[in-house]
Amino acid sequence: MGAGLSGPASMTAMDDSPPPSRWRRHARSTVYENPWLTVWHDDVTRPDGKAGVYGVMHYANLAVGVVAIDADDRVALVGQHRYTLDQYSWEIPEGGVPPDEDAQTGAARELREETGLVAGEWQELVRVHLSNSISDEAAALFLATDLTPGPASPDGTEDLAVRWVPFDDALAMALDGRITDAMSVAALLQVGLARFRAGSDGSGTTISGTQRAAAQRRKRGS
């Protein structure tokens, strides 16, 4: 066995029993708070035994994002100027779900508000943490199909544009950096990976709705 492949660094199998945390929190104070987030200042003992501080952003809501795919295998993307980055961003429809609301119910509400779309079929793709070195923000990502259009009703902070993009083009945008939003990238890659797996293993068990859309395109000869 070569150097670097033996001992704890070999990483040949994932241990499902993580070691206990060596961080110790001694005091916590709130330095900023609004209805959506709280910033905590923690006095801690670090894993190396030295005294330190840690800033934590706590989010009140669960983030949600929706890959909405129509019968022509197009994805609904939402464009808006992101104040934090001072730049324009194309993303999947997204929003926040309070603790007393079901994640899918909240995702359906956000999809309808931002695009006017109502989906007949839903599937949860994955749950992710968005910036786990400084925040506890978590997100639930969904696939929505069997879409019915309707009027959008964005709130006053949202100046939105909606664009329909073929799924393969949206996936390319996530891969080449034209889409930089983390939830959008993760969700589009989840759908793309499911399609790749279904195509490579011949199982035909792909994510709900996407295989039907591909079959419809083949029937039309597109």
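1. Start with the pairing at Ala76: in this predicted model, alanine 76 sits across from tryptophan 164 of β10. The strands β5 (74-82) and β10 (161-166) run antiparallel to each other, with 6 bridges between them.

2. That pairing is part of an open sheet of 3 strands, ordered β6-β5-β10 and paired antiparallel. β6 and β10 form the edges, each with a partner on one side only. If you ignore direction, the average turn between neighbouring strands here is 30 degrees.

3. Have a look at the helix on this sheet too. α2, residues 167-176, packs there and touches β5, β6 and β10. The direction of α2 makes about 105 degrees with that of β10.

4. Now the pockets. The largest pocket holds about 1400 Å³ of space. It is lined by 35 residues, and the ones closest to its centre are Tyr59, Arg82, Glu94, Gly95 and Glu137. By class, the lining splits into 13 nonpolar, 12 polar and 10 charged residues.

5. Which elements build that lining? At least two residues each come from the strands β3 (51-59), β4 (62-68), β5, β6 (87-91) and β7 (94-97), and likewise from the helices α1 (103-115) and α3 (182-201). So you will meet β5 and β6 again here, after seeing them in the sheet order β6-β5-β10, because each supplies at least two lining residues under the DSSP strand numbering.

6. The second largest pocket has a volume of about 290 Å³. Its lining counts 13 residues, and Asp42, Tyr54, Val56, Asn132 and Ser133 are those nearest the centre. The classes here come to 5 nonpolar, 4 polar and 4 charged. β1 (24-33), β2 (37-45) and β3 each give at least two residues to this lining. β3 also gives at least two to the lining of the largest pocket, which makes that strand a handy place to start when you look at both.

7. A word on confidence. The mean pLDDT is 87, and 83% of the residues are at 70 or more. Two stretches fall below 50. Residues 202-206 are one of them, with 8 contacts in the model beyond near neighbours in sequence. The other is residues 208-220, where the corresponding count is 23 contacts. Where pLDDT is low, predicted coordinates should not be read in detail, so I would leave the contacts of residues 208-220, with pLDDT below 50, as counts and no more.

Methods
Residues are numbered from 1 along each chain as its sequence is written. This is a predicted model: local features need pLDDT of at least 70, side-chain atom pairs count only at pLDDT 80 or more; totals for chains, interfaces and linings use all residues. Side-chain values use heavy atoms; hydrogens and water are left out. On a 1 Å grid over the protein atoms alone, a cavity is a set of points where a 1.4 Å probe fits but cannot get out, and a pocket is an open set with protein on both sides within 12 Å along at least five of seven lines; lining residues have an atom within 4 Å of a point. Grid points are joined across faces, edges and corners, and a volume is the space filled by probe spheres set on the points. Helices (H or I, at least four residues) and strands (E, at least two) are DSSP runs, numbered from the N terminus. Ala, Val, Leu, Ile, Met, Phe, Trp, Tyr, Cys and Pro count as nonpolar, Asp, Glu, Lys and Arg as charged, and the others, Gly among them, as polar. Two strands pair if DSSP finds at least two bridges between them. Axes are lines fitted to C-alpha atoms, for helices over the stretch in contact, and angles run from 0 to 180 degrees between N-to-C directions. Contact means heavy atoms within 4.5 Å. pLDDT is the predictor's confidence in each residue, from 0 to 100.
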